[in-house]
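Welcome to a short set of exercises on reading a protein fold. Keep the structure beside you and try each task before you look at its solution.

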Amino acid sequence: MAGRALVPDRLLQIGFGFWGSKTLLTAVELGLFTELAKRRLDGKALAARLKLHPRSARDFFDALVALGLLKRTGARYANTPETALFLDRAKPSYVGGMLEMCNARLYGFWGSLTEALQTGKPQNEVKTGTDFFGTLYADPRRLEGFLKAMTGLSQGTARAMAAKFPWKRYRSFADIGCAQGGVAVEIALAHQHLNGQGMDLPVVRPVFEAYVKSKKLQKRVAFHDGDFFKESLPKVDVLIMGHILHDWDLKEKMMLLRKAHAALPPGGALIVHEALIDDARKTNAFGLLMSLNMLIETKGGFDFTGADCRQWMKKAGFQRTKVEHLAGPDSMVIGIK
């Protein structure tokens, strides 16, 4: 029996993938899902609210239907349960802030992937002599939006970490590079015996403390001013580094792991959580693409496998290590001192 003929459909779908990506990113930018969270609208009314030209508004909306991002009943459009939860700006579960950054920054920078691969150099604002994060941290309003976006993005992972790590054995923890405090809050909510800290630059303090207060956790979760490159890490039972190590080269990764080991008591734990690349480097496409994003964004950062991280932890002095899946593409590597 003759074998099935090969067709190029999958290759074309990947190659044209930016069409669907940009359609979603533009809908987030326009606030389309937030508008539909208020009420179902027909195409004409929705186009008017978003100030769209009539020529292609219908194709835009129906493309979102075909992509599974909107529902249409008759002539009226509505969010799906997924877009209603995660892409409505009025909800605390909103992850669109990260997608807004992808649209405003990364979408254009990824157009220079070839140059990045050939030169090994970042392709972001560094090329024009500007510093995205320096500018971001200097603008309180933009910074707050970015930190909130990080919370929306990390909630599922944080809840999985709160459920899967043996927190009953420990009394205190600190999240290094804590942003708004999403990880620290989820862990403290799930385990009332714990006292937690979030370590970040001083400018983050008011955003962190406001979020912690909104969850009524200010008695158990505190902010710790600090630059984790320049200062010692907090003396607690468990240290957490989420999406931190992948920003740096191997020498800097090892320095941070050694700092964590030095700060922890005997029996203390370090949790490193990232979109870990699978050990065979064949299946977690998101982790591998994230590593390419580190090429675009940083001077030496790269993502890594669980086996890589376990090896580095042992070199830094940790006695026992293990890898456990959390949620989506994210997993954690646990090192015990």
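Two strands count as paired if DSSP finds at least two bridges between them. Keep in mind that this is a predicted model.

**Exercise 1. Work out the strand order of the open sheet of 7 strands, and find which strands stand at the edges.**

Solution.
- Step 1: Going across the open sheet, you meet β6, β5, β4, β7, β8, β10 and β9 in that order, and the pairing is mixed.
- Step 2: The edge places belong to β6 (221-225) and β9 (320-327); each has a single partner strand, so one side of each has no neighbour in the sheet.
- Step 3: On average, neighbouring strands here are turned by 20 degrees against each other, direction ignored.

**Exercise 2. Describe how β8 pairs with β7 and with β10, and decide whether β8 is enclosed.**

Solution.
- Step 1: Recall that strands of a sheet pair through backbone hydrogen bonds, either parallel or antiparallel.
- Step 2: β7 and β8 run parallel and are joined by 5 bridges; in this pair, G242 stands opposite H273.
- Step 3: β8 and β10 (residues 330-336) run antiparallel, with 6 bridges between them. Here I271 has I334 as its bridge partner.
- Step 4: In a regular strand, side chains alternate between the two faces of the sheet. In β8, A269, I271 and H273 point one way, while L270, V272 and E274 point the other way.
- Step 5: Buried means under 20% relative accessible area. 6 of the 6 residues of β8 are buried, so the strand is largely enclosed by the rest of the structure.

**Exercise 3. Check the span of helix α13 (residues 250-263), then place the helix in its surroundings.**

Solution.
- Step 1: At 1.5 Å a residue, the 14 residues of α13 should span 20 Å, and the end C-alpha atoms are 20 Å apart, which agrees.
- Step 2: At the N-terminal end, D249 acts as a cap, with a side-chain oxygen 3.2 Å from the backbone nitrogen of K251.
- Step 3: Buried residues of α13 include M254, L257 and H261. The cover over the buried residues includes β7 (238-242), β8 (269-274) and α15 (306-316).
- Step 4: α13 lies across β7 and β8, at about 160 degrees to β7.

**Exercise 4. Describe the packing of helix α7 (residues 96-109) and helix α10 (residues 140-164).**

Solution.
- Step 1: The two helices, α7 and α10, pack at about 120 degrees, their axes 7 Å apart.
- Step 2: From α7, G97, M98 and M101 meet F146, A149, M150 and L153 of α10.
- Step 3: Sorting these contact residues gives 6 nonpolar, 1 polar and no charged.

Terms used
Residues numbered from 1 in each chain as written. Predicted model: local features only at pLDDT ≥ 70, side-chain atom pairs only at ≥ 80, totals over all residues. Heavy atoms only, no water. Helix = DSSP H or I, 4+ residues; strand = E, 2+ residues; numbered from the N terminus. Expected span 1.5 Å × (residues − 1). Buried < 20%, exposed > 50% of the residue type's maximum accessible area, 1.4 Å probe, protein only. Contact = heavy atoms within 4.5 Å. Polar contact = N/O pair within 3.5 Å; in protein donor to acceptor, adjacent residues only side chain to side chain. Axes fitted to C-alpha atoms, helices over the stretch in contact; angles between N-to-C directions. Nonpolar A, V, L, I, M, F, W, Y, C, P; charged D, E, K, R; others polar.
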